[in-house]
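Please look over the sequence and the structure shown below before reading on. The report that follows takes up a few places in turn.

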Amino acid sequence: MESVEKAVAKSLLDIKAVMLRPENPFTWASGWKSPIYCDNRKVLSYPEIRENICQWMAEIIRKRYPDVEVIAGVATGAIAHGYLVAHILGKPFCYVRPKPKDHGTGSQIEGLLDKGAKVVIVEDLISTGMSSLAAKNALVNAGANIMGMVAIFSYNFNQSRKAFENADVELTTLSNYDTLIEVASETGYVKESDKDVLKEWRFSPSTWGKTE
């Protein structure tokens with residue numbers, strides 16, 4: 001899996017789906033200061049990278065969840081990726097909204113989902129894991145049998161690992177923050193002296209970069 005992890009990390013850096021800026025941190029909507037910004041929707045604009053990533057995700061699902069019946073994407077970032085994976089596997093696809101619509105049918109899940117269906121969830125990015133697990137809960141409430149979740153990239157926060165463990169959801173990611181830092185250092189994307197600063201952020205993201 002290491003070669004895939006590194007290949008995905010390098011691709012995300014090459015197309016600037018992931019940007020590292022330890023000297024001039026980004027500010028997330030939560031107010032957290034961060035040396036990294038990730039937008040995996042950019043993958044969709046690069047056919048070869050898009051194909052590789054979706055094929056790798058499909059391969060994981062084939063091996064780990066051969067009985068899967070439905071692929072579910074998490075809105076909005078993983079709708080396209082999830083659909084492409086479902087297409088490769090020849091499986092039905094649905095997607096989960098962050099909350100039910102406030103008009104029409106009031107649906108939170110779009111697409112056909114039979115009660116008891118064996119579902120694998122596709123995500124683009126795992127940060128704290130809260131939105132991903134909220135989508136899982138919506139699917140369970142609709143009667144789905146969740147087999148696992150596959151994502152492109154994870155920040156590897158301790159918080160998210162514990163959240164997935166507590167929710168009893170198996171998570172597999174193509175790449176992760178630790179691998180990204182190694183690849184960024186090996187390729188000269190960041191200075192060797194920045195590695196410790198970048199690694200430090202993952203362990204305390206809510207307080208990193210803040211001054212007293």
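In which strand does Ala151 lie? In this predicted model, Ala151 belongs to strand β9, which covers residues 145-154.

## A buried alanine in a strand

Ala151 counts as buried because its relative accessibility is 0%, where the cut-off for a buried residue is under 20%. When neighbours within four places in sequence are left aside, the residues in contact with Ala151 are Met57, Glu123, Ile126, Leu171, Thr172, Thr173 and Leu174. One of these contacts, Leu174, is 23 residues from Ala151 in sequence, while the C-alpha atoms of the two are 6.5 Å apart in space.

## A buried glutamate without a partner

Glu5 sits in helix α1, which runs over residues 2-14. Side chains of opposite charge can pair when their charged atoms come close. Glu5, however, is buried and has no salt bridge, and the nearest side chain of opposite charge, that of Lys6, is 8.4 Å away. Apart from its neighbours within four places in sequence, Glu5 is in contact with Leu174, Ser175, Asn176 and Thr179. Leu174 is thus named among the contacts of Glu5 and also among those of Ala151.

## Salt bridges

The structure holds 10 salt bridges. One of them joins Glu186 and Lys6, with the closest N and O atoms 3.2 Å apart. Because Glu186 lies in helix α6 (residues 177-186) and Lys6 in helix α1, this pair ties together parts that are 180 residues apart in sequence. Glu186 counts as exposed, since its relative accessibility is 53%, whereas Lys6, at 28%, counts as partly exposed.

Another salt bridge stays within helix α1, where Asp14 and Lys10 lie four residues apart, about one turn of the helix; their side chains meet at 2.9 Å, N to O. Lys10 counts as partly exposed because its relative accessibility is 40%. Lys101 and Glu110 also form a salt bridge, with 3.4 Å between the closest N and O atoms. Finally, Glu182, Glu192, Lys195 and Lys199 are joined into one network by salt bridges that share partners.

## The largest pocket

How much space lies in the largest pocket? The volume is about 760 Å³, and of the 31 residues that line this pocket, Cys38, Asp124, Leu125, Ser127 and Ser131 are the closest to its centre. Strand β4 (36-38), strand β8 (118-126) and helix α4 (130-141) each supply at least two residues of the lining, and the largest share, five residues, comes from α4. By type, the lining divides into 16 nonpolar, 10 polar and five charged residues.

## Backbone details in the loops

Three loops hold backbone features that a reader may wish to locate. A cis peptide bond, with omega at about -5°, joins Ala75 and Thr76, and Thr76 is found in the loop between β5 (70-74) and α3 (79-89).

Lys16, although not a glycine, has a positive phi of about 60°, and its place is in the loop between α1 and β1 (18-20). With a relative accessibility of 47%, Lys16 counts as partly exposed. Asn156, which is likewise not a glycine, has a positive phi of about 65° and lies in the loop between β9 and α5 (158-166). Asn156 is buried, because its relative accessible area is 17% and the cut-off for a buried residue is under 20%.

Conventions
Residues numbered from 1 in each chain as written. Predicted model: local features only at pLDDT ≥ 70, side-chain atom pairs only at ≥ 80, totals over all residues. Heavy atoms only, no water. Buried < 20%, exposed > 50% of the residue type's maximum accessible area, 1.4 Å probe, protein only. Lys, Arg positive; Asp, Glu negative; His and termini not counted. Salt bridge = Lys/Arg side-chain N within 4 Å of Asp/Glu carboxyl O. Contact = heavy atoms within 4.5 Å. 1 Å grid on protein atoms, 1.4 Å probe; cavity = no way out; pocket = protein on both sides within 12 Å on 5 of 7 lines; lining within 4 Å. Points joined across faces, edges and corners; volume = space filled by probe spheres on them. Nonpolar A, V, L, I, M, F, W, Y, C, P; charged D, E, K, R; others polar.
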